[in-house]
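This report describes charged side chains and one helix in a protein model. The sequence and structure come first, and the description follows.

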Amino acid sequence: MATKPTRDEAEYQTLEQSVHGEVLRPGDDGYDEARSVWNAMIDRKPAVVVRPSGAADVITAVVFARDHGLDLAVKGGGHNVAGSAVCDDGLVIDLSSMSSVRVDPASRTARVGPGATMADLDHETQAFGFATPGGVISTTGVAGVTLGGGMGWLSRKYGLSVDNLRSVDLVTADGELVRASDDENPDLFWAVRGGSGNFGVVTSFEFDLHEVGPEVLFGPVVYAYDDAPDVLAHYNRFAADAPRECSVWVNSAAAPPLEFLPEDVHGTTVLILLAFYAGDLDAGEAALEPLREYGDPIADVVAPMPYAAAQRTFDDLYAPGARNYWKAANFTDLTDRTIHTMVEYAGRFPTPQSEILVHQVGGAVNDVASEATAYPHRDAEFVVNVAARWEEPSRDDECVAWVRECHDALAEEATDGTYVNFEGDSEGRERNAYGGNYDRLVEAKTEYDPGNVFRSTQNVKPAG
């Protein structure tokens, strides 16, 4: 005589029968893969994972989690450093099966599924000579990058991902599929453009596309770290007048064992200027010349390459499986004091994989009013990301402490803002992340998710 399922098991069986995609429980093949994310610090074990095949499955999963009082997390690419894509003992919606990208060359738009990565998006759009701003690691999920703002090499020329978003289809907390755009549910559309995953599960993104490539100028210029204070000051001056086609990020990091670097440099701390230019290649050579000819670089391998290849350049250096902790701060200028602080903390990296990365912003990003989208930080010229990366769990406290100390020291010269996608803590920095738009986000949250069903991300709590 068969054992009668317990109530919970029976309910999960009903869920499985209602879903066209996969439903995974602990012990099932694929469960561990589905609960794994990029940051190895995150080891959470959900009660159930739903891999939807479409919006109908997403609706079913959201309603099931809500009605059964389960914590709910949503996984796109799983690349978020805070690990908000998974939860313990709750329900995870793993959107990886919904990864389609459909380009309309005539309207210069793309429809993108929430499980698509930047590699998926770049592959399809570059086939037509188009691209849209997004992350700079090709394994990053389009959904997470976009919902937090979305900055990349093209942002100075074309803005953030949210500035190129035309519409979304989204499943709300009450299980309704709605469309949000400037014309439909505009308050919700405003909120999802930088308000992270607080308002529902996006099942489709519609982006504007721009002519990019097929080749761009891209590559590192590497300096000995003794030259870092002088080169950083020169970079700050260069950035102030750089054309919008030009985006240069700067990394204080250990030199990787690459063939264009002398062997005696491998593993030593160096300053790496990552130069990018999207436009006429000759104009790019002229624009980058003041930067590339400054001082005495160890190596300069800036060269034309396909845009999609540039997007993949650092995938191996940021592969999944390591433990990571980040904190970020926004700056309008890299003062001498800020430069001194970066150099000081780079002198005591806790591990060889740790880094302090300066992202150049400005340009088209700052053309948009701070209240026009939920992403508020339209005055930032640089975002400085302090990142520790390590293997051994026994070093967690040491590495987290270094990041926090460096961030706190940098904060003395920073603005009040931070970039939500670069925050290793999922709670406690909401007002810094959402700035002056926080109260309006609370209004949208109260309307669309009064029960705070979508709370696994950096949470905006509803009123009441």
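A residue is called buried when its relative accessible area is under 20%, exposed when that area is over 50%, and partly exposed in between. The model described here is predicted.

**Helix H14**

Helix H14 spans residues 438-448, and its buried residues are Tyr438, Leu441, Val442, Ala444, Lys445 and Tyr448. Seen down the axis of H14, these buried residues fall within an arc of 165°, so they line one face of the helix. An α-helix has 3.6 residues a turn, so residues three or four places apart point the same way. Glu443 and Glu447 lie on the other side of H14, where both are exposed.

**Salt bridges**

The model has 26 salt bridges. Three of the pairs are set out below, with the distance given from N to O.

| Basic residue | Acidic residue | N to O distance |
|---|---|---|
| Arginine 66 | Aspartate 67 | 2.9 Å |
| Arginine 292 | Glutamate 285 | 2.8 Å |
| Arginine 337 | Glutamate 413 | 3.6 Å |

How far apart in sequence are the parts tied together by arginine 337 and glutamate 413? These two side chains meet in a salt bridge. Arginine 337 belongs to helix H11 (residues 336-346), whereas glutamate 413 sits in the loop between helix H12 (396-410) and helix H13 (430-434), so the pair ties together parts that are 76 residues apart in sequence. Arginine 337 has a relative accessibility of 46% and therefore counts as partly exposed. Glutamate 413, at 30%, is also partly exposed.

The bridge between arginine 292 and glutamate 285 joins residues of unlike burial. Arginine 292 counts as buried because its relative accessibility is 16%, a value under the 20% cut-off. Glutamate 285 is partly exposed at 35%. In the remaining pair of the table, arginine 66 is bridged to aspartate 67, and arginine 66 is partly exposed at 33% relative accessibility.

Salt bridges also link several residues into a network, made up of Arg111, Asp169, Arg179, Glu184 and Glu206.

**A patch of negative charge**

Which residues gather in a patch of negative charge on the surface? They are Asp226, Asp227, Asp230 and Asp296. Aspartate 226 is placed in the loop between strand E12 (215-224) and helix H8 (228-241). Its relative accessibility is 76%, so aspartate 226 counts as exposed. The residues of such a patch are, by definition, without a salt bridge, so Asp226 and the other members of this patch stand apart from the bridged pairs above.

Definitions and conventions:
Residues numbered from 1 in each chain as written. Predicted model: local features only at pLDDT ≥ 70, side-chain atom pairs only at ≥ 80, totals over all residues. Heavy atoms only, no water. Patch = residues over 30% accessible without salt bridge, like charges linked within 9 Å, V, L, I, M, F, W, Y side chains within 5 Å. Areas by Shrake-Rupley, 256 points an atom, 1.4 Å probe, with all protein chains shown as cover. Salt bridge = Lys/Arg side-chain N within 4 Å of Asp/Glu carboxyl O. Lys, Arg positive; Asp, Glu negative; His and termini not counted. Charge placed at Lys NZ, Arg CZ, Asp CG, Glu CD. Helix = DSSP H or I, 4+ residues; strand = E, 2+ residues; numbered from the N terminus. Buried < 20%, exposed > 50% of the residue type's maximum accessible area, 1.4 Å probe, protein only. Arc of directions from axis to C-beta.
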